[in-house]
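Visitor: Before we begin, could you show me the model and then let me ask how each label is justified?

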Amino acid sequence: MTRKERGELIARYVDGYEEVETALEGFPRKDLTAHPFPGKWSAAEIVHHLADSEMTSAIRLRRLLVEDKPVIHGYDQEAFARRLGYDEREIGPAMTAFLAARATTAQILSRMTEEDWRRQGTHSESGPYTAETWLEIYAKHAHDHAAQIQRLKEALTR
């Protein structure tokens with residue numbers, strides 16, 4: 001990956017929170033836990049997932065930078081949604097956690113060296129996992145979920 005490509009992905013990563021916030025604008029509060037698409041998450045579930053995923057991803061990157069060849073563990077996101085009551089909790093604290101994880105991680109991304117970007121661990125589900133792999137995944141993660149929230153909002157406000 002070139003420095004330019006990396007820079008573009010970092011900018012996309014930094015914009016992720018704002019994209020989700022924009023998607024939530026005008027979302028009917030009473031419908032945050034609605035499931036207009038069978039088998040798909042509600043907006044509240046997406047927001048809580050983003051908070052948990054971002055906190056997890058922040059630790060993953062830090063482990064890649066600090067530990068030698070760390071094992072990066074996967075987790076069952078559906079179990080998190082069920083067991084942690086994603087549809088039963090207010091989304092405000094989750095948005096705060098999401099923002100904080102992104103903001104502190106963006107500070108780290110801005111100071112990483114070429115050597116840092118080459119550091120590698122092993123993901124328990126997908127194998128070799130570098131800081132660049134991490135960036136490719138999380139640069140788009142919030143944007144993908146913002147699009148999901150937008151589709152939910154459109155379905156619920158027709």
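Guide: This is a predicted model, and its chain, read along the sequence, follows the pattern α-α-β-α-α-α-β-β-α, which comes to six helices and three strands.

Visitor: What makes the radius of gyration of the chain agree with a compact globule?

Guide: A compact globule with 158 residues would have a radius of gyration near 15 Å, and because the chain has 16 Å, the two agree. Along its principal axes, the C-alpha trace spans about 50 × 30 × 25 Å.

Visitor: What share of the residues in the chain is buried?

Guide: Buried residues make up 45% of the 158 residues, where the label requires under 20% relative accessible area. The chain exposes about 8800 Å², of which carbon and sulfur atoms supply 51%.

Visitor: Where is Glu45 placed, and which residues does Glu45 touch?

Guide: Glu45 lies in helix α2, which covers residues 43-66, and, leaving aside residues up to four places away in sequence, Glu45 touches His35, Lys40, Tyr86 and Asp87.

Visitor: How do you know that Glu45 has no salt bridge?

Guide: A salt bridge needs a side-chain nitrogen of Lys or Arg within 4 Å of a carboxyl oxygen of Asp or Glu. For the buried Glu45, the nearest side chain of opposite charge is Arg82, 8.9 Å away, so the criterion of 4 Å is not met.

Visitor: Why is the pairing of Glu45 and His35 called a polar contact?

Guide: The side chains of Glu45 and His35 are joined at 2.8 Å, and because a polar contact asks for a pair of N or O atoms within 3.5 Å, the distance satisfies that cut-off.

Conventions. Residues numbered from 1 in each chain as written. Predicted model: local features only at pLDDT ≥ 70, side-chain atom pairs only at ≥ 80, totals over all residues. Heavy atoms only, no water. Helix = DSSP H or I, 4+ residues; strand = E, 2+ residues; numbered from the N terminus. Buried < 20%, exposed > 50% of the residue type's maximum accessible area, 1.4 Å probe, protein only. Lys, Arg positive; Asp, Glu negative; His and termini not counted. Polar contact = N/O pair within 3.5 Å; in protein donor to acceptor, adjacent residues only side chain to side chain. Contact = heavy atoms within 4.5 Å. Rg over C-alpha atoms; globule rule 2.2 N^0.38 Å. Areas by Shrake-Rupley, 256 points an atom, 1.4 Å probe, with all protein chains shown as cover.
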